[in-house]
Amino acid sequence: MFTKEFIEALEKRDVKKLRTIPKSDLHNHAILGGNLEYIENWIGRKIPKLTQRITSIEEMENWVNQHYLPYIKGTTGFEKAIEAAFVQAKEDGVVKLEMSIDVYFRHFYGGSAGKLIEVLKKLHKKYAPEVNFIPELGFNRSVSQDLLIEWFEPYLDYDYFKSVDLYGDELAQPASNFKQLYRIAKSNGFKLKAHVGEFGDAESIQKTVEILELDEVQHGISAVKSKSVMRFLRENNIQLNICPTSNYMLSRVEEIKKHPIRKLFDYGIKVTVNTDDVIVFQNGVSEEFLMLYEHGVFSAKELDVIRLNGLM
Ligand SMILES: [Zn+2]
């Protein structure tokens, strides 16, 4: 499916062409996943670019709080941010979008999960009907499990969200604190994902997969430091949804050239390439693929295997 076109576009370094070829984005934080230009036009000012690498989620949150969130206020801001994320996906040629909406966001609608879902359906239909949007619920790891369960429960009346993800400060609480939450999600048929192995070590990845019974891992790049963890991921067919620019900008990897995605791929682990937060890191999926190609991390053919992984 579009293999020849994709390889040609990479070889010609033609990002416009790359944007027309079907891709997935399976690691996307919605309100931070918007098209930059679209948001800038709406707020009527430029968002300064993050040019210096940072070293923590806290630093990233500070940047977001200073340069982005002041202009994205309340329900209107929330909806504009989601709109921009759909526009970004469409313009980037993303045909499969697993985008994560924080479980708290129903509070923009008087606590109504139904109203939030209505708004998401409306925005999807209006701005990116051709994109297969697979709604995901995000749980902030700094929040207590009791509160997350309370926020989660109203969504269970609707068969809308398909997966869950645990995100934010990976070291805030141990995975075992979220066991009950994940059992509820599993028994309600959700696909289970969590951020792990971005700041944490290789062993924490296996542990989290086992404790929460994860189907997929967001990042998981530190698995590269342990053969036995890599073997575990391969044998259990755990997909890693990796975001190269985010990893570089958050100083998780020294250089793109040395990104562990190469070793993980060679080990036979299923990997995908994703954006994380376009507003902060400025690269769409097309740019991520081109960057990996230009830095010699993968051949065009190998990148096509990775592209197709995401579409399966
Ligand atoms: Zn993320």
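The following passage describes the largest pocket of a predicted model, a recorded domain and two residues with positive phi. The model was treated as predicted, so that local features need pLDDT of at least 70 and side-chain atom pairs count only at pLDDT 80 or more, whereas totals for chains, interfaces and linings use all residues. Residues are numbered from 1 along each chain as its sequence is written, and side-chain values use heavy atoms, with hydrogens and water left out.

The largest pocket holds about 640 Å³ of space, where a pocket is an open set of points on a 1 Å grid over the protein atoms alone, fitting a 1.4 Å probe, with protein on both sides within 12 Å along at least five of seven lines, and the volume is the space filled by probe spheres set on the points. Its lining comprises 27 residues, of which Ile31, Leu32, Glu61, Val64 and Tyr167 are the closest to the centre; lining residues have an atom within 4 Å of a point. Helix H4 (57-67), helix H5 (74-91) and strand S2 (94-102) each give two or more residues to this lining, and H4 gives the most, with five. Helices (H or I, at least four residues) and strands (E, at least two) are DSSP runs, numbered from the N terminus.

An unreviewed UniProt entry lists residues 163-311 as "domain: Adenosine deaminase", although such annotations may be inferred rather than shown by experiment. Over residues 163-311 the chain is 45% helix and 15% strand.

Phenylalanine 2, found in the segment before helix H1 (3-11), has a positive phi of about 65° although it is not a glycine.
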